[in-house]
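Student: I have a model on screen and want to learn how to read it. Can we go through it feature by feature?

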Amino acid sequence: MRLIFLGPPGAGKGTQAGFICQRFGIPQISTGDMLRAAVAAGSDLGLLVKAAMESGGLVTDEVIIRLVQERTDDPDCVNGYLLDGFPRTMAQAEALDEAQVVMDAVVEIEVPDDEIVRRLSGRRSHPASGRVYHLVNNPPKTEGLDDVTGEPLMQRDDDREDVIRKRLETFHAQTAVLSSYYSGQTNSGPVFIKVNGLRPIDEVKADIVGRLERL
Ligand code: AP5
């Protein structure tokens with residue numbers, strides 16, 4: 001099972017990717033999580049991408065494409081994987097096509113911009129595992145702590161309102177086009193699944209799992 005998750009920042013890609021990867025036994029490849037780990041470690045990659053991430057812009061295609069190629073070559077990807085946050089530009093989608101990677105499905109989670117700002121300003125996450133919470137919609141069992149490890153939850157640097165608005169602008173300018181790119185591939189391309197992300201988390205999950213199980 002090879003999957004792509006599309007959708008604006010805060011649509012619920014990371015939240016749903018966690019469920020789907022557990023259900024189908026595949027790794028979640030989140031370019032955002034990989035880049036944040038590099039920034040936190042202060043590696044060369046981290047220094048290279050920090051400014052773009054903090055401003056709500058995109059990291060260059062060249063860097064991202066190489067990062068994903070290296071990760072998908074790892075042995076745990078042999079039975080498939082879920083790409084969360086990649087591709088994000090037409091050049092990235094074309095790189096995937098050129099590598100002749102056969103994707104089974106593209107899942108697009110649709111959420112309007114107004115809801116995004118509310119969601120992202122209440123988001124808290126556990127950086128080591130990628131688990132995501134929301135102060136109101138999906139709170140941890142104990143305030144401020146991860147349910148599994150009990151470690152403190154963090155607020156992302158790019159979840160400030162000004163950066164959220166810039167990320168939304170970037171999404172509409174460079175990423176939204178991928179919806180028509182994949183939905184237009186009716187014959188040989190991946191199955192295109194569009195879901196309404198405004199529903200409660202469990203309903204969105206049941207919808208995605210049900211439609212993937214029918215593939
Ligand atoms: P990345 O980490 O990928 O961020 P993003 O796409 O902006 O997505 P998010 O992680 O913010 O949102 P999400 O859809 O995963 O939502 P979540 O499940 O957390 O990228 C960060 C940066 O890295 C980019 O800005 C860019 O600079 C760089 N980058 C990454 N990939 C790149 C690429 N390919 N090319 C170039 N640059 C790249 O949910 C959000 C909140 O809502 C949570 O609090 C959650 O609990 C809550 N929630 C989820 N679902 C629901 C629901 N149904 N109802 C109510 N609340 C919900």
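**Reading the ligand site and its surroundings**

Tutor: Start with the ligand's polar contacts. A backbone N or O atom of valine 59 sits 3.1 Å from a nitrogen atom of the ligand. Keep in mind that this is a predicted model.

Student: Which side chain has an N or O atom 3.2 Å from a nitrogen atom of the ligand?

Tutor: That is arginine 119. Arginine 167 also takes part: an N or O atom in its side chain is 2.6 Å from an oxygen atom of the ligand.

Student: How much of the ligand does the protein bury?

Tutor: Compare the ligand alone with the ligand in place. Alone, the ligand exposes 1100 Å², and the protein buries 97% of that area.

Student: Which elements give two or more residues to the shell around the ligand?

Tutor: They are α1 (13-24), α2 (31-41), α6 (113-121) and β6. With four residues, α2 gives the most.

Student: How many residues surround the ligand, and which are the closest?

Tutor: The count is 36. Thr15, Gly57, Arg88, Arg123 and Arg167 are the closest.

Student: What is the make-up of that shell by class?

Tutor: Nonpolar residues number 14, polar residues 13 and charged residues nine.

Student: β6 came up in the shell. Which strand is joined to β6, and how do the two run?

Tutor: Look for the bridges. Strand β5 (residues 123-126) is joined to strand β6 (residues 131-134) by four bridges, and the two run antiparallel. One residue pair to find is arginine 124 in β5 and tyrosine 133, its bridge partner in β6.

Student: What lies between the two strands?

Tutor: Four residues, and the strands form a hairpin. In the turn, glycine 130 has a positive phi of about 85°.

Student: And side chains along a strand?

Tutor: In a regular strand they alternate between the two faces of the sheet.

Student: Now the cysteines. How many disulfides does the structure hold?

Tutor: First the general idea. A disulfide is a covalent bond between the sulfur atoms of two cysteines. The structure holds zero of them.

Student: Why is cysteine 21 not bonded to cysteine 77?

Tutor: Distance. The closest cysteine sulfur to that of cysteine 21 is the one in cysteine 77, and because it is 10 Å away, it is too far for a bond. A disulfide needs the sulfur atoms within 2.5 Å.

Student: Are these two cysteines buried or exposed?

Tutor: Cysteine 21 counts as buried, at 7% relative accessibility. Cysteine 77 is buried too, with a relative accessible area of 4%.

How values were computed
Residues numbered from 1 in each chain as written. Predicted model: local features only at pLDDT ≥ 70, side-chain atom pairs only at ≥ 80, totals over all residues. Heavy atoms only, no water. Pairing = 2+ DSSP bridges. Near = heavy atom within 4 Å. Polar contact = N/O pair within 3.5 Å; in protein donor to acceptor, adjacent residues only side chain to side chain. Areas by Shrake-Rupley, 256 points an atom, 1.4 Å probe, with all protein chains shown as cover. Nonpolar A, V, L, I, M, F, W, Y, C, P; charged D, E, K, R; others polar. Buried < 20%, exposed > 50% of the residue type's maximum accessible area, 1.4 Å probe, protein only.
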